Amino acid sequence: MLVFALVKILFIWNTSLTLVSYYEFATPGSLIGKIIFLPSVLANDHLNLIYIAFMAVLIILVILPWNYISGILFFWIIFNLYRLNIPVMNGSDNVQLVLAGCMVFMTVRPYIKHSILSDLQATSFNAAVILAQLIVVCIYFISGWDKLVTESWRTGEAIAMIAQREQQVGVWGSAIVENALVNGMLSWTTIIFELAFAILIWFRRFRFPLLIMGVMFHLIIAFTLTLYDFSFVMIASYFIFLTDEDYTKMIRNLSVFA
Amino acid sequence: MLLVVHVLLCIYFTVTPRKYILHASSLGLLYHRVFLIGPFFTEDRIASSTHLYMRYKVKGGSWSEFSCYTDRVHREGRPILLHYNDLRHDDLLRYFAKAYRPAKTTSEKLNAQLCLLNRYSISELIPKERAIDSLNLLYVHNSFLQKHAIGKSDTIWNVTFNPDRCVVR
């Protein structure tokens with residue numbers, strides 16, 4: 001998620017420069033507001049400096065072990081990035097902001113030795129992980145459900161409509177969806193995948209195949225529908241479904257490969 | 001226990017229509033904004049779109065052809081970084097166009113919206129060497145009727161003005 005935020009800043013930099021040249025972010029009246037929105041206010045005149053500072057902090061956060069301060073700083077950056085670019089924000093930014101909020105509690109550093117507080121720390125960690133997983137699962141469930149109850153999605157017409165909207169489909173994307181049978185297949189594949197993800201992701205046996213299918217699904221929509229940031233934030237969110245064991249295996253496999 | 005209640009609420013807010021109980025409450029708003037992001041690609045959003053068409057008249061010359069930045073962006077196969085940048089600029093242009101309400105041009109704030117749109121069009125979309133006499137902006141809502149396989153266009157607003165003064169004619 002940190003790497004995604006770094007890339008996002010690089011990609012949105014130019015648009016933000018245009019945006020601040022037309023809009024001025026008003027200084028909030030309250031002291032708390034001034035502290036929370038300080039980067040947004042400073043960005044009115046010093047956007048380049050603010051973005052460089054954001055990137056420097058994010059790089060430090062990537063290197064250092066994750067702790068509560070890291071979580072708060074990350075959320076603060078994402079929140080200001082969101083506020084600063086509100087006119088051009090989309091679903092991916094909502095996902096990123098909410099997951100950044102959960103990430104504040106996804107740590108046990110500094111470790112608290114007091115027994116009750118230690119239990120509370122472990123509980124908040126687990127709750128944050130489960131909440132983030134549920135948020136990702138709900139994105140699929142709500143999207144799958146909406147498609148299932150919509151006639152144009154059930155018949156495949158929705159795919160044709162997407163193709164019709166030139167701003168939604170790239171050149172080679174529109175070439176694929178001219179056939180009604182293909183439309184129907186694409187439509188039902190999407191519905192089944194989204195609903196199945198919400199249920200089967202909780203079963204160990206299906207987790208990896210679903211995540212691999214999800215990566216492929218999002219890569220396809222990234223390049224056919226030009227939804228780059230949404231696709232990549234969803235792929236980044238998949239890391240929340242991996243266990244400590246999975247991470248250990250991945251690191252071991254990567255080191256063998258290296 | 002909390003987890004079960006949360007999951008049940010997520011299911012309730014997903015599968016029931018918005019007119020049902022709790023949807024309009026603070027709890028409903030919290031769920032729709034934070035815990036239930038989406039749905040994406042809803043029918044109303046894929047069946048319709050808005051476009052801003054623009055043409056300009058050079059001093060002592062004639063009107064240019066109408067051009068649409070959105071169409072241009074989606075037809076051009078640029079590298080991902082440049083394409084992403086174009087897409088966000090397109091979002092910005094649509095945001096400015098959506099915010100403008102020509103029926104209430106007496107309002108200072110809304111006049112400011114037109115001037116913002118004008119400033120953006122002049123500085124970002126029109127070749128810099130051109131001395132513009134008039135600018136014509138046409139904001140259109142396009143919808144696609146699948147049953148008849150036709151597209152339908154409705155003009156939301158159409159405004160011609162002198163960009164130097166930023167006053168609606």
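A salt bridge is a side-chain nitrogen of Lys or Arg within 4 Å of a carboxyl oxygen of Asp or Glu. With that rule in hand, the interface of chain A and chain B is found to hold 1 salt bridge. The model described here is predicted, and the paragraphs below move from that contact between the chains to the domains of chain A, and then to chain B.

The contact between the two chains draws on 50 residues of chain A and 46 residues of chain B. The size of an interface is often given as the accessible area lost when the parts come together. By this yardstick, about 4,600 Å² is buried between chain A and chain B, and carbon and sulfur atoms give 68% of that area. The single salt bridge across this interface joins the side chains of R88(B) and D229(A), with an N to O distance of 3.5 Å. Polar contacts are found here too: 11 residue pairs across the interface of chain A and chain B, with both partners at pLDDT 80 or more. On the side of chain A that touches chain B, at least two residues each come from α1, α5, α6 (115-148), α7 (151-155), α8 (157-164) and α12 (228-237). Of these, α6(A) gives the most, with 12 residues. Sorted by kind, the residues on this side of chain A comprise 29 nonpolar, 14 polar and 7 charged.

Chain A itself can be viewed in two parts. Its domain assignment gives domain 1, covering 1-110, and domain 2, covering 139-258. The centres of these two domains, taken over C-alpha atoms, are 27 Å apart. Where the domains meet, 10 residues of domain 1 are in contact with 9 residues of domain 2. The area buried between the two domains of chain A is about 680 Å², with 82% of it given by carbon and sulfur atoms.

The rule also finds 1 salt bridge across the interface of the two domains of chain A. Its partners are D229(A) and K8(A), whose side chains meet at 2.9 Å, N to O. In addition, 2 residue pairs, both members at pLDDT 80 or more, are in polar contact across this domain interface. The side of domain 1 that touches domain 2 receives at least two residues from each of α1 (2-22) and α5 (91-103) of chain A. The most come from α5(A), which gives 5 residues. This side of domain 1 divides into 5 nonpolar residues, 4 polar residues and 1 charged residue.

The name D229(A) has now appeared twice, in a bridge to R88(B) and in a bridge to K8(A). Side chains of opposite charge can pair when their charged atoms come close. In this model, the pairing extends to a network of salt bridges that links K8(A), D93(A), D229(A), R88(B) and D91(B). Within the network, K8(A) forms a salt bridge with D93(A), where the closest N and O atoms are 2.9 Å apart. This pair links distant parts of the chain, with K8(A) in helix α1 and D93(A) in helix α5 of chain A, 85 residues apart. Both K8(A) and D93(A) are buried. The pair that crosses between chains runs from R88(B), in helix α5 (residues 80-99) of chain B, to D229(A), in helix α12 of chain A. R88(B) counts as buried because its relative accessibility is 8%, under the 20% cut-off. D229(A) likewise counts as buried, at 6% relative accessibility.

Across all chains, the structure holds 9 salt bridges. Another of them lies in chain B, where K57(B) pairs with D133(B), the closest N and O atoms being 3.9 Å apart. K57(B) lies in strand β1 (residues 48-58) and D133(B) in strand β3 (residues 132-145) of chain B, so this pair ties together parts that are 76 residues apart in sequence. K57(B) counts as partly exposed, at 24% relative accessibility, and D133(B) also counts as partly exposed, at 22%.

Chain B as a whole has 6 helices and 5 strands. From the N terminus on, its elements follow the order α-α-α-β-β-α-α-α-β-β-β. Of the 169 residues in chain B, 43% are buried. Among contacts in chain B with a separation of 6 or more, 50% are accounted for by residues 24 or more positions apart.

Terms used:
Residues are numbered from 1 along each chain as its sequence is written. Chains are lettered from A and ligands numbered from 1 in the order in which they are written. This is a predicted model: local features need pLDDT of at least 70, side-chain atom pairs count only at pLDDT 80 or more; totals for chains, interfaces and linings use all residues. Side-chain values use heavy atoms; hydrogens and water are left out. Domain bounds come from an automatic or database domain assignment. Contact means heavy atoms within 4.5 Å. Buried area is the accessible area (1.4 Å probe) that two parts lose on being put together, summed over both. A polar contact is a pair of N or O atoms within 3.5 Å; within protein, one must be able to donate a hydrogen and the other to accept it, and residues adjacent in sequence count only if both atoms are side-chain atoms. Helices (H or I, at least four residues) and strands (E, at least two) are DSSP runs, numbered from the N terminus. Ala, Val, Leu, Ile, Met, Phe, Trp, Tyr, Cys and Pro count as nonpolar, Asp, Glu, Lys and Arg as charged, and the others, Gly among them, as polar. Buried means under 20% relative accessible area, exposed over 50%, partly exposed in between (1.4 Å probe, protein chains only).
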